[in-house]
Amino acid sequence: MSVDWIARAGAKPKGARPKYFDDPATDRLLSIVMAVAGEVAVVKERLDTVERLLDEKGTISRADIEAYAPDREAGHARGLMHREFAARILRGVQQDMESLETHEKSVEDVSKQLRDS
């Protein structure tokens, strides 16, 4: 079954749009960036499929790619690949969360303190 992504993109969402920031434009930008990150993750997985099939068979068809089912080892490698990818793109968010928990001064605050001392 094929999904009509153009029709889905134009569909009205159910419920309110999530709000993370004071500026709605920032929320929209976050939504776009996360959608692009999701697409990149899919491309990385598809490329992994192509590389594994080429290693195994030397030549492949589109049908081979569509029919591919990763084994346990490939599934584990892909899971790790996705976790590392998410960690890289969300690194700034994680650092902000950690700084809130540890109450460490920002680099800017330390720089100002050293400058003004």
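## Arginine 28 and its helix

In this predicted model, R28 is found in helix α2, the element that spans residues 24-57. The relative accessible area of R28 is 45%, and this residue therefore counts as partly exposed, since that class lies between the limits of 20% for buried and 50% for exposed.

R28 can also be set against a position further along the chain, namely H76, which is 48 residues away in sequence. The C-alpha atoms of R28 and H76 are separated by 33 Å in the model.

## A salt bridge between two helices

How many salt bridges does a search of the whole structure find? The search finds 6 of them, and one is the contact in which the side chains of E66 and R46 meet, with a distance of 2.8 Å from N to O. E66 belongs to helix α3, which covers residues 62-67, while R46 belongs to helix α2, so this pair ties together parts of the chain that are 20 residues apart in sequence.

The two partners can also be described by their accessibility. E66 has a relative accessibility of 52% and counts as exposed, whereas R46, with a relative accessible area of 35%, is partly exposed.

## A salt bridge within helix α2

D48 and R52 form another salt bridge, in which the closest N and O atoms are 2.8 Å apart. Both residues lie in helix α2, and because they are 4 residues apart there, about one helical turn separates them.

Is D48 buried or exposed? At 12% relative accessibility D48 counts as buried, because this value falls under the 20% limit. Its partner R52, at 26% relative accessibility, counts as partly exposed.

The pair of D48 and R52 also takes part in a wider arrangement, since E45, D48, R52 and R78 are linked in a network of salt bridges.

## A salt bridge between R115 and D116

The side chains of D116 and R115 also meet in a salt bridge, and here the distance from N to O is 3.2 Å. Which class of accessibility does each of these residues fall into? D116 counts as exposed at 57% relative accessibility, and R115 is likewise exposed, with a relative accessible area of 59%.

## Bringing the salt bridges together

The salt bridges described here join residues in several settings. E66 and R46 come from helix α3 and helix α2, D48 and R52 are both in helix α2, and R115 meets D116 through their side chains.

Methods
Residues are numbered from 1 along each chain as its sequence is written. This is a predicted model: local features need pLDDT of at least 70, side-chain atom pairs count only at pLDDT 80 or more; totals for chains, interfaces and linings use all residues. Side-chain values use heavy atoms; hydrogens and water are left out. Helices (H or I, at least four residues) and strands (E, at least two) are DSSP runs, numbered from the N terminus. Buried means under 20% relative accessible area, exposed over 50%, partly exposed in between (1.4 Å probe, protein chains only). A salt bridge is a side-chain nitrogen of Lys or Arg within 4 Å of a carboxyl oxygen of Asp or Glu.
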